[in-house]
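Me: I've got a structure to go through before class. Can you walk me through it with short answers?

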Amino acid sequence: MTPRTSVRVSHGMNLKDGLAIARMMGCSVEPRRRTGEIRIVDPTSRRRVLVNGRRKDAPRALTRFLKSVTGID
């Protein structure tokens, strides 16, 4: 992901960019063992989302989670 001055969370973004934004926001990004899934946890609210790490696009649950963490909602 290229460095930008503002964070852009949008529908249709890829998973790599979504995970990079989650890390920038201070979220914990942990791969689950033997499942191919990735767990993203917001440390402030303890909300979490589980996404399939084998997909290239970011699922709707991840974009919704990132919008709530960044305050874009």
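Me: Is Asp57 buried, exposed or partly exposed, and what is its relative accessible area?
Reply: This is a predicted model, so keep that in mind throughout. Asp57 is partly exposed, because its relative accessible area is 36%, and exposed would need over 50%.

Me: Which residue forms a salt bridge with Asp57?
Reply: Arg55 does. The closest N and O atoms of the two are 2.9 Å apart.

Me: And how exposed is Arg55?
Reply: Arg55 is partly exposed as well, with a relative accessible area of 38%.

Me: Why would side chains pair up like that?
Reply: Side chains of opposite charge can pair when their charged atoms come close.

Me: How many salt bridges are there in the whole structure?
Reply: A search of the whole structure turns up two. One of them is Arg55 with Asp57. Another joins the side chains of Arg39 and Glu30, at 3.7 Å from N to O.

Me: Where do Glu30 and Arg39 sit in the strands?
Reply: They are bridge partners: Glu30 pairs with Arg39, which is in S2. So these two residues meet in the strand pairing and through their side chains too.

Me: Buried or exposed, or partly exposed, for those two?
Reply: Partly exposed in both cases. Arg39 has a relative accessible area of 25%. For Glu30 the value is 33%.

Me: New topic, the sheet. How many strands, and in what order?
Reply: Three strands form an open sheet. The order is S1-S2-S3, and the pairing is antiparallel.

Me: Which strands stand at the edges?
Reply: S1 and S3 do. Each has a single partner strand, so one side of each is left without a neighbour in the sheet.

Me: By how many degrees are neighbouring strands turned against each other?
Reply: By 20 degrees on average, with direction ignored.

Me: What holds strands of a sheet together, in general?
Reply: Strands pair through backbone hydrogen bonds, either parallel or antiparallel.

Me: OK, back to this one. How many bridges link S1 and S2?
Reply: Four bridges. S1 covers residues 28–31 and S2 covers residues 37–41. Among the facing residues, Val29 stands opposite Ile40 in S2.

Me: How many bridges between S2 and S3?
Reply: Five bridges, again in the antiparallel sense. S3 spans residues 48–52. One of its residues, Arg48, is the bridge partner of Val41.

Me: Now the turns. How many residues lie between the strands in the S1 and S2 hairpin?
Reply: Five residues. Arg34 sits in that loop. Arg34 is not a glycine, yet it has a positive phi of about 65 degrees.

Me: Is Arg34 buried or exposed?
Reply: Exposed, with a relative accessible area of 77%.

Me: What about the hairpin of S2 and S3, how many residues are between them?
Reply: Six residues. Arg46 lies in the loop there. Arg46 also has a positive phi, about 65 degrees, although it is not a glycine.

Me: Buried or exposed for Arg46?
Reply: Arg46 is exposed, at a relative accessible area of 58%.

Me: Last one. Which strands does helix H2 lie across?
Reply: H2, residues 60–70, lies across S2 and S3. The helix runs at about 145 degrees to S3.

Definitions and conventions. Residues numbered from 1 in each chain as written. Predicted model: local features only at pLDDT ≥ 70, side-chain atom pairs only at ≥ 80, totals over all residues. Heavy atoms only, no water. Pairing = 2+ DSSP bridges. Salt bridge = Lys/Arg side-chain N within 4 Å of Asp/Glu carboxyl O. Buried < 20%, exposed > 50% of the residue type's maximum accessible area, 1.4 Å probe, protein only. Axes fitted to C-alpha atoms, helices over the stretch in contact; angles between N-to-C directions. Contact = heavy atoms within 4.5 Å.
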